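Okay, let's put the model up on the screen. I'd like to walk through a couple of helices and what sits around them.

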Amino acid sequence: MDKPCYTCRRRRIRCDQSRSPCVKCVTSGLQCFASRPLRWVAGVAIRGKMRGFSFENASDDSTTRAYSRQRSGSKDGYPALGVVSAFTTVGPLGRDGPLTSVPSSVGDFAISDLDPVSRYYLDYYNDRICKLFIVYDSEKNPFRALISLSLLDQALLKSVLALAARHRVNRDCSFHDLTTQASPEPTNARFDALRFKYQAIQGISQALGDSTSRPTDTTVASIFLLIFLDLLESGSDRWNVHLEGAKRLMDFNLPEPRAGSRHDPGRTIQELRNFLASQIYLIETLGGTFVRPKLLSQFDLLRGPQFQETVEQSFLGCPEYLLDAIRYLSARRDAITGPERHNDSTFSYFVENTVTMIDFIQQFDCSVWVSSLLLNTMGTGDINSLCTLARTYQIGALIYGKRILGALTKECLPLDDLVQELIDAISSLQDDYALYKCILWPIFIAALECQPDQRISLLSYMEKFWDCTSCVNAINAAKIIKDYWEQTDGALSSQWIFSIGTLGRDWLLI
């Protein structure tokens, strides 16, 4: 090869020029172009006022309307097939501002085989979904790293597109009535979401059913994304099945990633494994508090040799120390409900250790935890808010622990001060979108323990969570808590640690 290939130049890396295709393109699974490839677009121009416009379609009223919406920046913004120019982004979409293109590291050539609708949803995923399911969006966002991997794996790609399409559907729905559409103009997003979900599940099934090959990390990632799809759809569909499947594959002897330079696939895959393991542990721990005892199997947290906790790669930002404590408390709850008969000495042991764990939770210092994290750009205000976020999980864990202790000792002490402190902490995060979208679990804990005069506020917090996330599990959380309030009629009880998991389905309220 006489000169560096276009692919490496586009990626801003040094081409080895050893052969064609070059080694770096082959290693990264990318097509090696010697020069800039031709770009075929739909319409008469790639940019400017005529971008995406085709004279042969000018008489088509639907196409003309779609083109007008694109230019005027209407809330719908959903592209009609044949209208969107290749490698461009559809204009403004509602309250969050315009979409941005997929990461430049992916490159135009990498998405050249995608149809316009898939490119639209890939842009949507990059712009909306990646920052939705992570505390702080950054260049290290693991969800965004899945984009390049998805272009090499159809099942993962369809999972990514299904997430984007479902979120697009939810954006136009009302918290009080999911059948009410905020936008009068219909879109194909609902059909797209179902189609992509079906294709994702079909692709995963084929990958797992292939006896000639071993499961891959991208297969685990595909299943992992279906858990988040369930949050967008209901929070009670098949999330626990997807979680169990992902855990089993994580325990499976997956191929070892190749070692090499800082940006090689081996490092990317290892970081992906660490991220998947940590978030599976988090979902299992917090999700297990509101489901039937012993529904979920126990997952051993896998970590790489250089693993270090950071909210930049965390779904909810709950301190791992508190997760370990909540996990222990859930084990005590499950032991109470088990068929085994425990003598007095065993119960004394449970009580003693539960009291000790509650003391450990109380001694947890949120400010020290924040200072120990790896954070790139954090101001004083962000640090204070992050302390408050950790505090909501700390208080939630305390309430959960005290109710389990009450079940052991046959006591039910009022926790009004703790509940009020938790509500105050939740309220203080309302203006911080990045952190407020992480606190449905503490909100639900507060709602289970609140007084009648605090109920309206808690329901408004759930609606605010819906506004931030468009996750239907927030709507179902409100329905569940209303039913619970009717059943208890304001009576103080610690039994919700057992009964909340029997209200219809197994809910993931995070």
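So, the buried residues of α7 pack against α4 (116-132), α6 and α8. Keep in mind that this is a predicted model. The residues I mean in α7 are A189, D192, A193, F196, K197, A200, G203 and I204, and they're buried. They cover an arc of only 130° around the axis, so they end up on the same side of α7. That fits the usual helix geometry: with 3.6 residues a turn, residues three or four places apart point the same way.

What about the other face? Turned away from the buried side of α7, you find the exposed residues F191, L194, Y198, Q206 and G209. As for its length, α7 runs over residues 189-209, so to speak 21 residues, and reaches 30 Å from first C-alpha to last, close to the 30 Å expected at 1.5 Å a residue.

Now over to α19, residues 472-488. Its 17 residues reach 25 Å between the first and last C-alpha, close to the expected 24 Å. How many of its residues are buried? It's 12 of the 17, which makes α19 mostly covered. Among them are V472, N473, I480, I481, Y484 and W485.

And what does the covering? For the buried residues of α19, that includes α6 (154-171), α8 (217-233), α17 (440-449), α18 (455-469) and α20 (496-499). You've met α6 and α8 already, in the packing of α7.

One last detail: right after α19 comes D489, and its phi is positive, near 55°.

Definitions and conventions
Residues are numbered from 1 along each chain as its sequence is written. This is a predicted model: local features need pLDDT of at least 70, side-chain atom pairs count only at pLDDT 80 or more; totals for chains, interfaces and linings use all residues. Side-chain values use heavy atoms; hydrogens and water are left out. Helices (H or I, at least four residues) and strands (E, at least two) are DSSP runs, numbered from the N terminus. The expected span of a helix is 1.5 Å times one less than its number of residues. Buried means under 20% relative accessible area, exposed over 50%, partly exposed in between (1.4 Å probe, protein chains only). Contact means heavy atoms within 4.5 Å. The arc is that of the directions from the helix axis to the C-beta atoms.
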